[in-house]
Amino acid sequence: MRKPLVAALFALVITGAGVAPAVAAPAPAAAASSSTSASASAVKADTKAAAPTLQAVSLAGTVALSNCSGSVIRFPNSADSDPALVLSNGHCLETGFPEPGEVIVDQASSRTFGLLNSAGTRVATLRAGKVAYSTMTDTDITIYQLTSTYTTIKNSYGISALTVQDTHPTVGTAITVASGYWKRLYNCSIDGFAYRLKEGDWTWKDSIRYTSACNTIGGTSGSPVIDQSTGKVVAVNNTGNEDGETCTVNNPCEVDASGNVTIHPGINYAEETYQIPACFTTGNKLNLSASGCTLPKP
């Protein structure tokens with residue numbers, strides 16, 4: 001789990017880090033200007049080639065929770081008339097961390113979310129009708145069902161939901177962690193996958209390890225991890241090894257199939273989401289018995 005927000009805020013004050021609204025990062029001008037021998041045409045070509053990769057990613061569709069980040073999501077088979085869903089972390093659940101082995105379904109909730117546009121401006125307040133699913137076992141997710149449909153959100157605020165990719169991500173994929181809480185984008189790549197990621201009493205399976213550029217902080221928990229080339233959600237940001245400790249809270253360790261334990265101090269992680277769409281059927285209804293659904297059951 002990410003560090004407490006109080007600690008994160010203190011760190012921002014000390015370092016002078018800004019939290020102003022962010023938009024999709026432009027092509028890296030600094031890299032282009034550093035090659036003084038390159039011709040103007042070559043620089044233009046490089047910029048043009050890089051732009052499509054980043055244009056798909058912005059803060060549109062992300063949400064700010066009271067203590068975390070999240071996003072309005074849909075699945076490949078969701079209909080516009082379906083009730084919209086919000087994805088965040090299991091450890092962001094308003095009633096507290098689910099215990100190891102605990103799975104929560106259809107729990108009443110009236111939690112609110114600040115909906116952001118591409119510039120990080122709050123354009124609406126959305127409200128949950130229930131917690132459709134939440135767990136910190138094998139993964140770290142909470143999925144809220146909203147009182148609004150995708151059509152209502154699109155027509156009222158011009159914001160489309162982010163689509164969850166239903167195939168496993170790959171190493172080397174350029175990604176963006178989009179934090180609605182901080183209104184900030186973190187750009188890096190998928191460095192690899194942890195067979196098991198253990199933190200305190202919780203264990204997660206097949207977690208994504210970021211390259212070091214995604215130096216996420218407290219409040220980024222629940223942020224969608226977006227494939228820069230497709231704009232689809234491939235994971236949900238959830239933790240990082242902060243102090244170099246082994247397998248303790250805020251210091252996850254990786255455990256391989258043989259039981260060997262390693263740590264990566266300062267490196268952050270996310271939980272994959274490709275397995276979620278199979279568990280939601282017509283009308284965005286949760287069906288943990290559906291074919292192909294592998295999410296933990298109550």
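This report describes the disulfides of a predicted model and the surroundings of two of its loop residues, Leu65 and Asn89.

## Disulfides across the structure

A search of the whole structure finds 4 disulfides, and, when the bonded cysteines are counted along the chain, the pairing follows the pattern 1-2, 3-4, 5-6, 7-8. Three of these links are described below, beginning with the one that involves the loops of Leu65 and Asn89.

## The Cys68–Cys92 link

Cys68 is joined to Cys92 by a disulfide with an S to S distance of 2.1 Å, and because the torsion about this S-S bond is about -85 degrees, the disulfide is left-handed. The pair links distant parts of the chain, with Cys68 in the loop between E1 and E2 and Cys92 in the loop between E3 and E4, 24 residues apart. Both Cys68 and Cys92 are buried.

## Leu65 and its surroundings

Leu65 is placed in the loop between strand E1 (62–64) and strand E2 (69–74). Its relative accessibility is 5%, and since buried means under 20%, Leu65 counts as buried.

Once neighbours within four places in sequence are left aside, Leu65 is in contact with Gly70, Ser88, Arg111, Phe113 and Tyr181. One of these partners, Tyr181, is 116 residues from Leu65 in sequence, while the C-alpha atoms of the two residues are 6.6 Å apart in space.

## Asn89 and its surroundings

Asn89 is found in the loop between strand E3 (83–88) and strand E4 (103–108), and with a relative accessible area of 0% this residue is buried.

A polar atom of the Asn89 side chain lies 3.2 Å from the backbone oxygen of Asn237. Leaving aside neighbours within four places in sequence, the residues in contact with Asn89 are Asp140, Ile141, Thr142, Ser221, Gly222, Val236, Asn237 and Asn238.

## Two right-handed links

Cys247 and Cys253 form a disulfide in which the sulfur atoms are 1.9 Å apart; the torsion about its S-S bond is about 100 degrees, so this disulfide is right-handed. Cys247 and Cys253 are both buried.

Cys279 and Cys293 also form a disulfide, with their sulfur atoms 2.0 Å apart, and this link, with 100 degrees about the S-S bond, is right-handed. It connects distant parts of the chain, since Cys279 lies in the loop between strand E16 (268–272) and strand E17 (280–281), and Cys293 in the segment after strand E18 (285–286), 14 residues apart. Cys279 is buried, with a relative accessible area of 0%, and Cys293 is buried with a relative accessible area of 10%.

Key:
Residues numbered from 1 in each chain as written. Predicted model: local features only at pLDDT ≥ 70, side-chain atom pairs only at ≥ 80, totals over all residues. Heavy atoms only, no water. Helix = DSSP H or I, 4+ residues; strand = E, 2+ residues; numbered from the N terminus. Buried < 20%, exposed > 50% of the residue type's maximum accessible area, 1.4 Å probe, protein only. Contact = heavy atoms within 4.5 Å. Polar contact = N/O pair within 3.5 Å; in protein donor to acceptor, adjacent residues only side chain to side chain. Disulfide = S-S within 2.5 Å.
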